[in-house]
Amino acid sequence: MEHSSEVGRLQRNKSTKIERIMADLFVRNKIPFKYSTLFFGREVDFILEDKIIVECDGTHHNSRYQRMRDSKRDSKFSDSGYIILRFTAAEIRNNRELCIKVVVQLLMQLFPTKYGNENYRRYAS
């Protein structure tokens, strides 16, 4: 999961502004990621450590129909052992620090050896 190749894919694909913001947060915080990957025939925005799926939900995810689809999809992923984090466009645009804090705290919990160092401790509380 090399940042430069994934950032390149982000630029070539039809990424959204909130996906680019989230990718920038990952890069600045040295969190390896895969972008726009197919799982079970469904595209996910980001995968971290082959365990965590991060979705950046634009306004179309606000509809009742889309929330129902997202819920079914999330259940399929979680039944297969993945952890799903969803952030709204408003959360990503207006509270980036909270978004990355949630991600880092989960990484620290799941992978303490890799994410328990001084680079990530500021997100511990």
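Is Gly116 buried, partly exposed or exposed? With a relative accessible area of 25%, Gly116 is partly exposed, because the value lies between the 20% limit for buried residues and the 50% limit for exposed ones. Please keep in mind throughout that we are discussing a predicted model.

Let me place this glycine for you. Gly116 belongs to the segment that follows helix H6. If we set aside the neighbours within four places in sequence, Gly116 is in contact with Phe111 and Arg121. Gly116 also allows a comparison of sequence and space: Val104 is 12 residues away along the chain, and the two C-alpha atoms are 9.6 Å apart.

Val104 brings us to helix H5, where it is one of the buried residues. The others in that group are Cys99, Ile100, Val103, Leu106, Leu107 and Met108. Against what do the buried residues of H5 pack? Their partners are three helices and three strands: H2 (17-28), H4 (89-94) and H6 (112-115), together with S2 (42-48), S3 (52-57) and S4 (83-88).

We can also check the length of H5. The helix has 15 residues, from 96 to 110, and at 1.5 Å a residue it should span 21 Å. The C-alpha atoms at its ends are 21 Å apart, so the expectation and the model agree.

I turn now to two residues in loops. Lys30 is located between H2 and strand S1 (34-39), and Glu49 is located between S2 and S3. Lys30 has a positive phi of about 55 degrees, although it is not a glycine. Glu49, likewise not a glycine, has a positive phi of about 55 degrees. Their accessibility is as follows. Lys30 counts as exposed, because its relative accessibility is 54% and the class begins over 50%. Glu49 has a relative accessible area of 16% and is therefore buried.

My last topic is the aromatic rings. How many aromatic pairs does a search of the whole structure find? The search finds 6. In one pair, Tyr35 and Phe46, the ring centres are 5.5 Å apart and the planes meet at 55 degrees, so the pair is tilted. This pair links distant parts of the chain, since Tyr35 lies in strand S1 and Phe46 in strand S2, 11 residues apart. Both Tyr35 and Phe46 are buried. Ring pairs also join these two residues with Phe26 and Phe33 in a cluster.

Terms used:
Residues numbered from 1 in each chain as written. Predicted model: local features only at pLDDT ≥ 70, side-chain atom pairs only at ≥ 80, totals over all residues. Heavy atoms only, no water. Helix = DSSP H or I, 4+ residues; strand = E, 2+ residues; numbered from the N terminus. Expected span 1.5 Å × (residues − 1). Buried < 20%, exposed > 50% of the residue type's maximum accessible area, 1.4 Å probe, protein only. Contact = heavy atoms within 4.5 Å. Phe/Tyr/Trp six-rings, centres within 6.5 Å; stacked < 30°, edge-to-face > 60°.
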